[in-house]
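Student: Hey, can we go through this structure together? I'd like to start with one of the helices.
Tutor: Sure, let's bring it up.

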Amino acid sequence: MIGRMRGLLRALGWGAVLAAAAGIAAHYSGLVSNLVSRVAAFTPVLIIVGVVGLLLLLAARAWLSAAGAVLVIAVGVTAQAPLYRGADEQVSDSDLTVMQANIYLGQADPDALVSRVRDSGVDVLTIVELTPEAVGALERAGLRQALPFAFLRPRDGGGGAGIYARAPLTDGQLLRGFELSNLRARLLLPNRSPISIYALHPLPPYPEPSWRWDAELRELRSILFADTDPLIIGADANSTYDHRSFRQLLSGPSNSPQLTDAAEHLGSGVVATYPAGRPYPSLLALDRVLTRNGPTPTSFRRIDLPGSDHHGVLASIRLSEG
């Protein structure tokens, strides 16, 4: 009986460790496929599953197997470590406050969103899944009183987007060649160079063909690294740190300053924003704030968006002098 129990524990343990190994392999893999993208998205969860597997192997007294499990988990922890080694930044009253919100086909509670904007002193709000009806609802809730300047491209369904700001916006443009709306505008602040603000929403890697997702990330990489302005980006990236295509977007071309991901820069770890409003915790860190060419994140946290299937994120951004 004891032998059967140990055999069962050993089998379950190895199954869990192999699941972790699959997640880690997907993290490093450059293969563009729906399956690899799905597995990579859950790598942090699968590493935790691998830790459970290690405990099962220890309980089964499968010492050699446990040693192999420790090696797999060590590789996984190394892959995730950059998310937890961050800079110790100090928030200043002069920092710009940026909020990113996916409002779920326009269904997020407009009053709650506007209240969050006011209470947090938001200076720039990037919104995706912005519908024409949501634009009206947000205006009635008072968003344009808090953030009077806007560049909007609403659409029915999940394809719309918008940028709202406390300071003037100019040169608004809809980025061409993307299935969903991806926007850029320039923020004009007193005594400073213009700042390029982006609201990004590339296609997800599934259920769409993953090559289309990868192609959109590559195109965004080209656009962002051709922009020489200081950059602040709010995005539902439909990607996580464990997607190699997303890490390539951050790193950019050689001999060029890379994009700074607020969560990674500050060591915030996996700030999961999707799904929200479920009986289980959010699992995927899809919503991001990115910067480049001067602006530096000094804080980053998740916020609730009642009525949405995403949490939002809120970041403080220190602007460079001049």
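Tutor: Keep in mind that this is a predicted model. The buried residues of α5 are covered by several elements, including β1, β2, α6 (132-140), α7 (143-146), β11 (296-303) and β12.

Student: Okay, which residues of α5 are buried?
Tutor: Helix α5 spans residues 110-120, and its buried residues are Leu113, Val114, Val117 and Ser120.

Student: Why are they on the same side of α5?
Tutor: Because they cover an arc of only 140° around the axis, they end up on the same side of α5.

Student: And what's exposed on the other side of α5?
Tutor: Asp111 and Asp119 are exposed there.

Student: Switching topic: how many residues are in the largest nonpolar core?
Tutor: That core has 28 residues, and Leu187, Ile232, Phe300 and Ile317 have the most contacts inside it. Elements giving two or more residues to this core include β1 (96-102), β6 (183-187) and β12 (312-318).

Student: What does Ile317 touch, leaving aside neighbours within four places in sequence?
Tutor: Its contacts include Leu96, Val98, Ile232, Val289 and Pro297. There's also a second, separate core of 23 residues, with Leu113 and Tyr164 among them.

Student: Last thing: how much space lies in the largest pocket?
Tutor: About 310 Å³. Of the 18 residues lining the largest pocket, Pro204, Asn238, Tyr274, Leu286 and His310 are the closest to its centre.

Student: How many in that lining are nonpolar, polar or charged?
Tutor: The lining of the largest pocket has eight nonpolar, seven polar and three charged residues.

Definitions and conventions:
Residues numbered from 1 in each chain as written. Predicted model: local features only at pLDDT ≥ 70, side-chain atom pairs only at ≥ 80, totals over all residues. Heavy atoms only, no water. 1 Å grid on protein atoms, 1.4 Å probe; cavity = no way out; pocket = protein on both sides within 12 Å on 5 of 7 lines; lining within 4 Å. Points joined across faces, edges and corners; volume = space filled by probe spheres on them. Nonpolar A, V, L, I, M, F, W, Y, C, P; charged D, E, K, R; others polar. Core = buried A, V, L, I, M, F, W, Y, C linked by side-chain atoms within 4.5 Å. Buried < 20%, exposed > 50% of the residue type's maximum accessible area, 1.4 Å probe, protein only. Helix = DSSP H or I, 4+ residues; strand = E, 2+ residues; numbered from the N terminus. Contact = heavy atoms within 4.5 Å. Arc of directions from axis to C-beta.
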